[in-house]
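Q: Hello! I'm new to this structure and would love a close look at a single part of it. Could you walk me through the sheet, please?

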Amino acid sequence: MTKIYFVRHCEAMGNLKRLFQGLSNFDISETGAKQLEFLNNRFKNIKIDKVYSSPLTRAYKTALAVKGNKKIEIEKCDGLIELNGGIVEGKPFAETFSAMPELADAWDNHPEDFHPKNGESMRSAYERIYETIKKLAQENRGKTIACTTHGGVTRCLLCRILFNDIHKLKDTPWADNTAISLINIEDDGKMSVEFYNDTSHLPQEFLPKRTRISTFMKVEK
């Protein structure tokens, strides 16, 4: 059995300012730094053989918190990076999506069809992420590793394992900042979810005051 702790990064400035972060390399926020203290404490007594991180700052700083004082390696992994937002990269959700109703509709109602100009399609990201996790599991067979990554990445992986149907992506919940999911992978490659999107390590005041889903529809969901 191979175990993978899948951890979404802490709050970053893009989250705070309600921007489409994607590949934009925003630093973490003050709240994010506090979240990492609690995340570090959560992992203190969990045995981990290695940590893999998206190369973006918000994920790598999260990886440092997961690693803590453990004498293990952190390896940056491009396959764990967030979806490239193309023309919406780094821009405000509300204003940008209001100006692009067709793209906004895909994001909110059929995310499997989301494909911003000059960016990565959701279908491509869905496959990339699954193939990355299969590869990491093969390379770490029988071990326990952690992956620090992003909201869209986590959502795609959970959709694949829970439903095996990209059309269920809309029904797959977003992970809050520093949320942890535990993926079990059998020797034959079969994946299962032991638990997902667990933020029990965070006090109430450090949980997000808003969801990851955009507010361009004028109501929080």
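In what order do the strands of the open sheet stand?

A: Happy to help! Please keep in mind that this is a predicted model. The open sheet is built from 6 strands, and reading across it gives the order E3-E2-E4-E1-E5-E6, with mixed pairing. Strands E3 (74-76) and E6 are at the edges; each has a single partner strand, so one side of each is left without a neighbour in the sheet. On average, neighbouring strands are turned by 20° against each other, direction ignored.

Let's begin at the E3 edge. Strand E2 (residues 50-53) pairs with E3 in the parallel sense, over 3 bridges. Here you can find Ser53 opposite Lys76 in E3.

Now let's cross to the other edge, strand E6, which covers residues 191-198 and includes Tyr196. With a relative accessibility of 40%, Tyr196 counts as partly exposed. Together with Leu162 and Phe163, Tyr196 forms a nonpolar patch on the surface, and the accessible area of the three is about 260 Å².

Strand E6 also holds Glu194, whose side chain meets that of Lys3 in a salt bridge (3.2 Å, N to O). Lys3 lies in strand E1 (residues 2-8), so this pair ties together parts that are 191 residues apart in sequence. Both ends are partly exposed: Glu194 has a relative accessible area of 47%, and Lys3 has 26%.

Finally, look at the loop between strand E5 (180-185) and E6, where Asp187 lies. Asp187 forms a salt bridge with Arg141, their closest N and O atoms being 3.6 Å apart. Both of these residues, Arg141 and Asp187, are exposed.

Methods. Residues numbered from 1 in each chain as written. Predicted model: local features only at pLDDT ≥ 70, side-chain atom pairs only at ≥ 80, totals over all residues. Heavy atoms only, no water. Patch = residues over 30% accessible without salt bridge, like charges linked within 9 Å, V, L, I, M, F, W, Y side chains within 5 Å. Areas by Shrake-Rupley, 256 points an atom, 1.4 Å probe, with all protein chains shown as cover. Salt bridge = Lys/Arg side-chain N within 4 Å of Asp/Glu carboxyl O. Helix = DSSP H or I, 4+ residues; strand = E, 2+ residues; numbered from the N terminus. Buried < 20%, exposed > 50% of the residue type's maximum accessible area, 1.4 Å probe, protein only. Pairing = 2+ DSSP bridges. Axes fitted to C-alpha atoms, helices over the stretch in contact; angles between N-to-C directions.
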